[in-house]
Amino acid sequence: MRTRSDDLPIWETMKTYKLVTLLAFAASFSASLDGYQISLNGGIISNKGFIKQFAPAGTKVIAGKYVSAWGGIQSAGQTVGQVFLQFATDKYGRKPALLILWVILVASIFTESFATTWQHWLVAKLFSGMGVGMLQATMPVYLSEIAPTQLKGFLINAYSFWFVIGQLFGNVALNRLNAKDPLDFRTPIYTQWAMIGVMLIIFLLIPETPWWLAGQEKLKKAAKVLLRYNGHIENYNVDEVIGVMTATIEEERYTAKRDSQEGFWAVFEGQNLIRFLIAAWPKITQQFVGLSVFNTFATYFFQAAGNKNPFLVTVILSCVQILSMIATSTLTDRLGRRPLTVYPYAVTVVSVLALGIVGCFDYSKPDTSSLLVFFACLATFSTTGASAIGYAYAAEIPQQRLRARTAGWALAFSNLIAIMFSFCTPLMINGTAKWSVKTGFFFAGTGFVSVVVAWFILPEVSRRTPAEIDEMFEKKINPRKFKKYVTDVQIQTDHLYKKEEEAGAA
């Protein structure tokens with residue numbers, strides 16, 4: 001269950017499927033609001049105007065308990081969104097699910113725009129988390145289902161690329177306002193209305209995915225979508241593509257019925273449970289290596305560490321993220337998912353360990369303060385790319401019939417860890433623990449364990465079709481041997497094409 005086009009070189013595939021590539025980039029633009037929201041949540045709490053509005057008079061740094069509550073409720077909202085939207089995603093389609101999450105994001109921006117108390121901001125962060133979580137669980141699945149096999153990693157990473165662009169916009173906006181009008185915190189909130197407007201236009205224009213339509217036996221509609229974007233390609237055989245989709249889906253249904261793995265809990269049964277854990281682990285690892293320190297609460301971290309311009313540091317970190325995404329996007333389909341996940345996370349562990357060591361000295365001095373920024377940049381560079389590939393794992397590892405549900409649960413499970421650290425990290429940095437920069441020691445320990453687990457369980461699935469991935473899990477191939485394993489799908493496809501070539505020559 002593999003087509004001729006699945007064997008094209010990467011660059012040739014990009015030129016051939018240029019309309020699909022443009023479609024994926026347009027769809028993934030929505031992640032810029034995702035990144036902007038996350039950046040705003042972590043950075044605006046250090047804005048003087050925000051502190052004046054939402055904290056008691058005379059407060060210079062918002063108390064950790066409030067920051068924990070806002071961060072925790074946003075992560076909780078993400079989990080709720082990722083768990084519950086999957087039902088609409090499966091039943092009504094990927095496109096209706098995108099429109100549902102758009103409404104939730106509108107609610108979050110509306111609440112932020114008129115918030116005047118910390119409780120109002122708490123409600124805004126709940127809606128924000130739900131919308132962001134829904135988008136995180138749905139867009140990578142959408143991209144994986146419209147992308148050619150050789151470009152899935154690249155196009156799914158387009159989501160993360162726009163995410164870090166959004167984070168940069170948020171950090172730049174906060175940095176400029178801090179310099180121009182330190183008491184103005186509303187303007188960055190209002191700018192989200194323009195972004196949400198563009199998002200609606202994109203969501204209305206993009207098509208439903210052919211894979212979902214094929215799964216609902218709407219084959220004529222699936223063929224129509226494929227021909228609209230690929231019909232210009234010479235020798236494009238839409239019947240062959242539809243045949244691969246239907247054969248893959250039918251085989252999965254047969255296996256599920258045979259093994260009694262149907263219904264709501266199928267995600268957590270048999271090999272599907274293994275696939276769920278693998279799909280979730282890269283995003284879980286990002287939490288254990290300290291994402292909340294050098295990303296979510298970066299401004300708060302450097303403010304507590306005594307940095308004179310924490311907003312500028314976050315702008316630097318956002319630029320580092322963009323460089324990381326450019327490198328990751330161009331290499332993920334060439335080098336593979338596994339090496340670009342495991343090794344960068346190992347670098348992050350070393351980086352947060354170094355942060356902890358620096359914390360043992362006087363980090364208020366210029367030299368040691370520069371070291372903090374350097375190791376934060378290194379951790380950000382390595383984690384950004386690995387975390388982005390986590391979305392590819394969440395979207396590619398599950399069976400097609402369970403793709404939306406598994407991705408939703410996988411990301412939700414990661415966010416359960418994030419909820420814990422959203423509450424704990426601010427308290428570690430500036431709460432009763434008073435660990436400050438030494439918080440790096442904690443995440444070095446948890447990160448080391450999670451990276452070791454990742455080494456053993458993460459397979460290589462780049463340039464593999466859904467049918468091939470299904471086969472390797474069905475045969476219980478060691479995940480570390482996926483890369484070099486020759487599947488029956490490959491053998492049968494090569495044999496079929498060879499017979500066709502011989503018949504053509506005769």
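Glu-234 is located in the loop that joins helix 12 (219-230) to helix 13, where helices (H or I, at least four residues) are DSSP runs numbered from the N terminus. The residue is exposed, with a relative accessible area of 69%; exposed denotes over 50% relative accessible area, buried under 20%, and partly exposed the range in between, for a 1.4 Å probe and protein chains only. The C-alpha atoms of Glu-234 and Thr-16 are separated by 9.0 Å, although these positions lie 218 residues apart along the chain.

The model is a predicted one, in which local features need pLDDT of at least 70 and side-chain atom pairs count only at pLDDT 80 or more, whereas totals for chains, interfaces and linings use all residues. Residues are numbered from 1 along each chain as its sequence is written, and side-chain values use heavy atoms, with hydrogens and water left out.

Two further loop residues stand out by their backbone angles. Most residues other than glycine have a negative phi. Ser-260, which is not a glycine, has a positive phi of about 55°. This serine is placed in the loop between helix 13 and helix 14 and is exposed, at a relative accessible area of 58%. Arg-463 likewise is not a glycine and has a positive phi, of about 65°. Arg-463 belongs to the loop between helix 21 (439-457) and helix 22, and its relative accessible area of 29% makes it partly exposed.

Helix 22 (residues 466-474) also takes part in a crossing with helix 14 (residues 271-288): the two axes come within 10 Å and cross at roughly 115°. Axes are lines fitted to C-alpha atoms, for helices over the stretch in contact, and angles run from 0 to 180 degrees between N-to-C directions. The crossing is right-handed, a term applied if the near helix is turned clockwise from the far one by less than a right angle, left-handed being the anticlockwise case. From helix 14, Gln-271, Arg-275 and Ile-278 meet Ile-469, Asp-470 and Phe-473 of helix 22, contact being defined as heavy atoms within 4.5 Å. By class, the residues of this contact comprise three nonpolar, one polar and two charged; Ala, Val, Leu, Ile, Met, Phe, Trp, Tyr, Cys and Pro count as nonpolar, Asp, Glu, Lys and Arg as charged, and the others, Gly among them, as polar.

Aromatic pairs were identified from rings of Phe, Tyr and Trp (its six-membered ring) with centres within 6.5 Å; planes under 30 degrees apart count as stacked, over 60 as edge-to-face and the rest as tilted. The count by this rule is 28 aromatic pairs. One of them joins Phe-268 and Trp-409 in an edge-to-face arrangement, at 5.5 Å centre to centre and 70° between the planes. Phe-268 lies in the loop between helix 13 (238-258) and helix 14, and Trp-409 in helix 20 (residues 403-430), so the pair ties together parts that are 141 residues apart in sequence. Phe-268 is partly exposed, with a relative accessible area of 27%, whereas Trp-409 is buried, at 18%. The rings of Phe-288 and Phe-421 have planes at 85° and centres 6.0 Å apart, so this pair is edge-to-face. Phe-288 lies in helix 14 and Phe-421 in helix 20, so the pair links parts that are 133 residues apart in sequence; both residues are buried. In addition, Phe-50, Phe-54, Tyr-66, Trp-70, Trp-118, Trp-121 and Phe-185 form one aromatic cluster.

Two helical residues differ in their exposure. Phe-84, in helix 5 (residues 64-91), is exposed, with a relative accessible area of 53%. Its C-alpha atom is separated by 9.9 Å from that of Ala-412, a residue 328 positions away along the chain. Arg-94, in helix 6 (residues 94-114), counts as buried at 2% relative accessibility. Leaving aside neighbours within four places in sequence, Arg-94 is in contact with residues including Glu-145, Glu-208, Trp-212 and Gln-400. The C-alpha atoms of Arg-94 and Leu-40 are separated by 27 Å, with these positions 54 residues apart along the chain.

A search of the whole structure returned zero disulfides, a disulfide being a pair of cysteine sulfur atoms within 2.5 Å. Cys-377 is in no disulfide, and the nearest cysteine sulfur, that of Cys-319, is 9.4 Å away. Cys-377 is buried, with a relative accessible area of 15%, while Cys-360 is partly exposed, with a value of 47%.

Note on methods
Helix = DSSP H or I, 4+ residues; strand = E, 2+ residues; numbered from the N terminus.
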